[in-house]
Amino acid sequence: MVSDTPSILYVLGDGIGPEITRASISVIDAAIEKAYGGNKKIEWIEVSAGEEAEKKIGKRLPDETLESIKEHRLLFKGPLETPVGKGFRSLNVTIRLMMDLYANIRPVKYFKGLESPLRNPEKVDLVVFRENTDDLYTGIEWQAQSEEAGRLRAFLNDSLGVKVSDDSGIGIKPISKMKTQRITRMAIKYALQNKRRSVTIMHKGNIMKYTEGAFREWAYETAISEFRNDIVTEEELYSKYNGTMPSGKLLINDRIADNMFQQVIAKPGLYDVILAPNLNGDYISDAAGALIGDIGVLGSANIGDTGGMFEAVHGTAPKYAGKNVANPAGMIKAGTLMLEFIGWTEAKDIIDKALDKAISAKKVTQDIARFMNVEPLGTKEFAETLVGFIKE
Ligand code: NAP
């Protein structure tokens with residue numbers, strides 16, 4: 001249930017964040033106005049995080065911001081800086097864990113006019129569902145020379161008869177049944193609601209049998225036990241239906257991870273929704289993004305059972321900060337995912353059409369204009385162009 005005037009939090013973000021977030025909000029508001037003529041409206045509430053919060057409050061993720069996120073449960077987030085290999089923990093990860101946002105959802109669809117490395121990029125229309133809370137990302141690992149790694153090696157050797165050489169660091173890869181079930185459920189529900197053709201489970205279960213293999217097994221089990229009347233497995237497709245999909249059903253199949261990579265490049269049109277554990281999902285999300293030639297136009301949703309965080313796929317691009325040249329399209333796409341999440345799909349469709357129109361008309365920011373050999377628009381001017389198309 002979403003009110004007609006929901007309060008939604010936003011964080012401007014670091015680097016190019018403030019420019020692209022403000023530009024995106026103007027586009028989202030224009031689309032809502034066009035779709036619902038004043039009957040629906042977002043009440044935006046700014047909360048502080050990142051560099052600006054550190055300067056003002058002395059903390060990158062202030063307690064008030066965390067409390068507001070817990071209370072409001074919807075966050076539209078500009079990119080935040082995370083230093084490599086040192087310093088504070090990623091703010092994105094902190095928020096994801098706090099809200100248990102277990103699904104990272106990234107739709108990848110080609111925009112006519114982008115410079116893609118593929119011959120037929122218009123066939124790319126994928127949605128990656130990446131499990132967000134399990135797997136090697138739980139951070140259970142120890143350095144080779146640590147006492148803990150030594151104790152673990154001794155345990156493996158003495159109790160389980162497994163030899164691990166003394167100079168090995170050790171990491172643990174947990175994959176849980178409950179976490180696999182909930183992401184599978186979400187991916188299948190999404191696929192059914194959006195009339196997608198298939199959900200492909202991506203795994204490396206031939207090698208990691210009890211983690212990635214189990215992910216595959218539990219995902220099929222969930223599909224069959226909870227969605228029996230709506231789905232057909234690939235095995236059933238050939239054993240029962242002679243290779244022809246019965247109409248109105250969703251195909252559930254699986255691919256081994258390495259094969260999946262070459263498949264999405266060689267035959268992108270065969271794939272639709274991809275369901276993956278955390279690490280595979282991380283890799284395939286960026287690889288899929290590259291298929292359309294520019295991850296700058298992609299947004300992603302981090303969703304749990306009690307809320308969501310919506311952001312661009314790219315980062316803070318510090319060299320472009322404050323110059324009015326950054327592309328706000330990724331953040332705007334994140335906004336469309338948020339509108340979809342709250343059920344305001346009419347406004348989402350209006351934005352998607354305006355984006356298609358702008359890119360086809362070569363009204364684009366410098367990151368795309370340089371490939372099209374056209375004069376670039378600034379961040380603000382690009383947003384104004386979209387608002388103009390929306391109002392037409
Ligand atoms: P990045 O910020 O995505 O920037 C890499 C390059 O991508 C830029 O130099 C630029 O390429 C292009 N680019 C990205 N966004 C663009 C936009 N909106 N418009 C135009 N060009 C854009 O990646 P990074 O340099 O690796 O990361 C910088 C910081 O962002 C790091 O602190 C990282 O941790 C953080 N980050 C945050 C998030 C998040 O908040 N979710 C995600 C990723 C990274 P050209 O140089 O070719 O023009």
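# Rings, charges and burial

User: What makes the charged end of Arg 130 count as sitting over the ring of Tyr 137?

Analyst: In this predicted model, the charged end of Arg 130 lies 5.0 Å from the centre of the ring of Tyr 137. The distance limit for such a contact is within 6 Å, and the charge is found to sit over the ring. Another contact of this kind joins Lys 40 to Tyr 36, where the distance to the ring centre is 5.3 Å.

User: How many aromatic pairs are there, and why is the pair of Trp 44 and Phe 76 called tilted?

Analyst: The count of aromatic pairs comes to five. The ring centres of Trp 44 and Phe 76 are 5.6 Å apart, and a pair requires centres within 6.5 Å. Planes under 30 degrees apart would be stacked and planes over 60 edge-to-face; the planes of Trp 44 and Phe 76 stand at 50°, so the pair is tilted.

User: What parts of the chain does the pair of Trp 44 and Phe 76 tie together?

Analyst: Trp 44 belongs to strand S2 (residues 43–46) and Phe 76 to strand S3 (residues 74–77), so the pair ties together parts that are 32 residues apart in sequence. With Tyr 10, the residues Trp 44 and Phe 76 form one aromatic cluster.

User: Are Trp 44 and Phe 76 buried or exposed?

Analyst: Buried means under 20% relative accessible area. Trp 44 has 18%, and is therefore buried. Phe 76 has 0%, so Phe 76 is buried as well.

User: Which residues point each way from S3, and which strands pair with S3?

Analyst: Leu 74 and Phe 76 point one way, Leu 75 and Lys 77 point the other way, and all are buried. Strand S1 (residues 7–11) pairs with S3 in the parallel sense over three bridges, with Val 11 opposite Lys 77. Strand S13 (residues 308–312) also pairs with S3 in the parallel sense, over four bridges, and there Phe 76 stands opposite Phe 310.

User: Why is Trp 142 called partly exposed?

Analyst: The class lies between the buried limit of 20% and the exposed limit of 50%. Trp 142 has 31% relative accessibility, so Trp 142 counts as partly exposed. Trp 142 is in strand S6 (residues 141–142), and with Ile 140 and Ile 172 makes a nonpolar surface patch of about 220 Å².

User: What makes Glu 54 and Arg 60 a salt bridge?

Analyst: The N to O distance between the side chains of Glu 54 and Arg 60 is 3.0 Å, and the limit is within 4 Å; the pair therefore meets in a salt bridge. Glu 54 is partly exposed at 36%, whereas Arg 60 is buried at 13%.

User: How many salt bridges are counted, and what distance separates the closest N and O atoms of Arg 228 and Glu 236?

Analyst: The count comes to 27 salt bridges. In the one between Arg 228 and Glu 236, the closest N and O atoms are 2.8 Å apart. Arg 228 has a relative accessible area of 33%, so Arg 228 is partly exposed; Glu 236, at 10%, counts as buried.

User: Which residues are joined into one network by salt bridges that share partners?

Analyst: Asp 14, Glu 54, Arg 60 and Glu 81 are joined into one network by such bridges.

Note on methods: Residues numbered from 1 in each chain as written. Predicted model: local features only at pLDDT ≥ 70, side-chain atom pairs only at ≥ 80, totals over all residues. Heavy atoms only, no water. Phe/Tyr/Trp six-rings, centres within 6.5 Å; stacked < 30°, edge-to-face > 60°. Helix = DSSP H or I, 4+ residues; strand = E, 2+ residues; numbered from the N terminus. Buried < 20%, exposed > 50% of the residue type's maximum accessible area, 1.4 Å probe, protein only. Lys NZ or Arg CZ within 6 Å of the ring centre and 35° of its normal. Patch = residues over 30% accessible without salt bridge, like charges linked within 9 Å, V, L, I, M, F, W, Y side chains within 5 Å. Areas by Shrake-Rupley, 256 points an atom, 1.4 Å probe, with all protein chains shown as cover. Pairing = 2+ DSSP bridges.
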